[in-house]
Amino acid sequence: VGACLGVVGLAVAVEAVGAYRRVRTAQRAIQLEQALAYAVQVFIGYFLMLAVMTYSSELFASAFFGIVVGHLLFRRLGFQAGRLGCFSKVVAGGPPANSCCADQNVDCYARLDDATPDTTPANSTT
């Protein structure tokens, strides 16, 4: 049971680091930070691969479940790399005070497959 929970945690962590990298790329993070985040994501991914390659059906199912949960949490429920402050809005409860989105009517919870941001004023009747 502990190994399965650990594999679920690794799988969710892969998606979490990926979401962090997308947000920091949009915020033009320094190259060293981007490289380190990529290294962490790959490192965790290889550990996940090793767990799956044990051919244990329980660990495989745990990895699959963790990837799905991570995808739901960090991609489908709302992180768009081009919308600064959105990662902190979902994780910490609100955009930072100096976020470029803080004073705009931008839907930070829009799905990744949305091509255009929703900038319609909240009191619009159209």
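**View 1. Tyr55 is exposed, with a relative accessible area of 73%.** Exposed here means over 50% relative accessible area, buried means under 20%, and partly exposed is anything in between (1.4 Å probe, protein chains only). This is a predicted model, where local features need pLDDT of at least 70 and side-chain atom pairs count only at pLDDT 80 or more, while totals for chains, interfaces and linings use all residues. Residues are numbered from 1 along each chain as its sequence is written, and side-chain values use heavy atoms, with hydrogens and water left out. Tyr55 sits in the loop that joins helix 2 (31-52) to helix 3 (57-76). Helices (H or I, at least four residues) and strands (E, at least two) are DSSP runs, numbered from the N terminus. The phi of Tyr55 is near 60 degrees, a positive value in a residue that isn't glycine.

**View 2. The whole protein comes to four helices and zero strands.** Read from the N terminus, the elements go α-α-α-α. Of the 126 residues in the protein, 29% are buried. A contact here means heavy atoms within 4.5 Å. Among contacts with a separation of 6 or more, 59% are between residues 24 or more positions apart. The accessible surface is about 8000 Å², and 65% of that belongs to carbon and sulfur atoms. Accessible areas come from the Shrake-Rupley method with a 1.4 Å probe, and for residues only the protein chains shown count as cover.

**View 3. Helix 1 (2-26) has a span that agrees with its residue count.** Its 25 residues should span 36 Å at 1.5 Å a residue, and the end C-alpha atoms are indeed 36 Å apart. The expected span of a helix is 1.5 Å times one less than its number of residues. The buried residues of helix 1 include Val7, Val8, Ala11 and Val12, along with Glu15 and Arg22. After the helix comes Arg28, whose phi is positive, near 55 degrees.

**View 4. Helix 2 keeps its buried residues on one face.** This helix has 22 residues and reaches 31 Å from its first C-alpha to its last, close to the 32 Å expected at 1.5 Å a residue. The buried residues are Ala37, Gln41, Ile44, Leu48 and Ala51. Looking down the axis of helix 2, they fall within an arc of 75 degrees, so they line one face. The arc is taken from the directions from the helix axis to the C-beta atoms. An α-helix has 3.6 residues a turn, so residues three or four places apart point the same way. The buried residues of helix 2 pack against helix 1 and helix 3. On the face turned away from the buried side are the exposed residues Gln31, Leu32, Leu36 and Phe43. Ala35, also in helix 2, is partly exposed at 43% relative accessible area. Its C-alpha atom is 9.4 Å from that of Arg21, 14 residues apart along the chain.

**View 5. A nonpolar surface patch of about 640 Å² involves Phe43, Tyr46, Phe47, Met49, Leu50 and Met53.** Patches are made of residues with over 30% relative accessible area and no salt bridge; like charges are joined within 9 Å, and nonpolar side chains (Val, Leu, Ile, Met, Phe, Trp, Tyr) within 5 Å. Two of the patch members, Leu50 and Met49, are found in helix 2. Met49 is partly exposed, with a relative accessible area of 37%. The C-alpha atoms of Met49 and Val7 are separated by 9.9 Å, though the two are 42 residues apart along the chain.

**View 6. Ser62 is buried, with a relative accessible area of 9%.** Ser62 belongs to helix 3. Leaving aside neighbours within four places in sequence, Ser62 is in contact with Cys4, Val7 and Val8.

**View 7. The structure holds two salt bridges.** A salt bridge is a side-chain nitrogen of Lys or Arg within 4 Å of a carboxyl oxygen of Asp or Glu. Side chains of opposite charge can pair when their charged atoms come close. One salt bridge is between the side chains of Glu15 and Arg75 (3.2 Å, N to O). That pair links distant parts of the chain, with Glu15 in helix 1 and Arg75 in helix 3, 60 residues apart. Glu15 is buried, at 12% relative accessible area, whereas Arg75 is partly exposed at 29%. Arg24 and Glu33 also meet through their side chains in a salt bridge (2.9 Å, N to O). Arg24 is partly exposed, with a relative accessible area of 23%.
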